[in-house]
Amino acid sequence: MDWYAAGKKIHDAREKIGLTQEELAEIIGVTPASISYYENGKKRPSFDKIKKICAVLNLDIAEL
């Protein structure tokens, strides 16, 4: 999986619904720095976190 491309999709979807990194982090139970790492492709979220991110951002897991 291309984690940089996945991070870009997370970033774009987050901004589309008007959430900050801090708000998304609080909702899924991680630090804002983790969201930044995910969005920049520097860190891979666990599958559990991917499911939560997709649910919040209305993304299909297959899109990532």
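In the predicted model, helix α3 covers residues 32-39, and four of its residues, S34, I35, Y38 and E39, are buried. Viewed down the axis of α3, these buried residues fall within an arc of 135 degrees, so they line one face of the helix. The partners of this face are three helices: the buried residues of α3 pack against α1 (residues 3-16), α2 (residues 21-28) and α4 (residues 47-57). After α3 comes G41, which has a positive phi, near 70 degrees.

Within α3, I35 was examined individually. The relative accessible area of I35 is 0%, and because burial requires a value under 20%, I35 counts as buried. When residues up to four places away in sequence are left aside, I35 touches Q21, L24, A25, I28 and V30. Of the residues in this set, Q21, L24, A25 and I28 have numbers that fall in the range of α2, residues 21-28. A further relation concerns H11, which is 24 residues away from I35 along the chain; the C-alpha atoms of I35 and H11 are separated by 8.8 Å. The number of H11 falls in the range of α1, residues 3-16.

The helix α3 belongs to a protein with four helices and zero strands. Read along the sequence, the pattern is α-α-α-α. Contacts between residues distant in sequence are well represented in this arrangement: of the contacts with a separation of 6 or more, 51% are between residues 24 or more positions apart.

Overall dimensions were also computed. The C-alpha trace spans about 25 × 20 × 20 Å along its principal axes. For 64 residues, a compact globule would have a radius of gyration near 11 Å, and the protein, at 10 Å, agrees with this expectation. Buried residues account for 34% of the 64 residues; S34, I35, Y38 and E39 of α3 are among the buried residues.

The surface and the charges complete the description. The protein exposes about 3,900 Å², of which 51% is supplied by carbon and sulfur atoms. Positive side chains number 10 and negative side chains also number 10. The centres of the two sets of charges lie 5 Å apart.

How values were computed:
Residues are numbered from 1 along each chain as its sequence is written. This is a predicted model: local features need pLDDT of at least 70, side-chain atom pairs count only at pLDDT 80 or more; totals for chains, interfaces and linings use all residues. Side-chain values use heavy atoms; hydrogens and water are left out. Helices (H or I, at least four residues) and strands (E, at least two) are DSSP runs, numbered from the N terminus. The radius of gyration is taken over C-alpha atoms; the globule rule is 2.2 Å times the number of residues to the power 0.38. Buried means under 20% relative accessible area, exposed over 50%, partly exposed in between (1.4 Å probe, protein chains only). Contact means heavy atoms within 4.5 Å. Accessible areas come from the Shrake-Rupley method with a 1.4 Å probe; for residues, only the protein chains shown count as cover. Lys and Arg count as positive and Asp and Glu as negative; His and the chain ends are not counted. The place of a charge is taken as NZ of Lys, CZ of Arg, CG of Asp or CD of Glu. The arc is that of the directions from the helix axis to the C-beta atoms.
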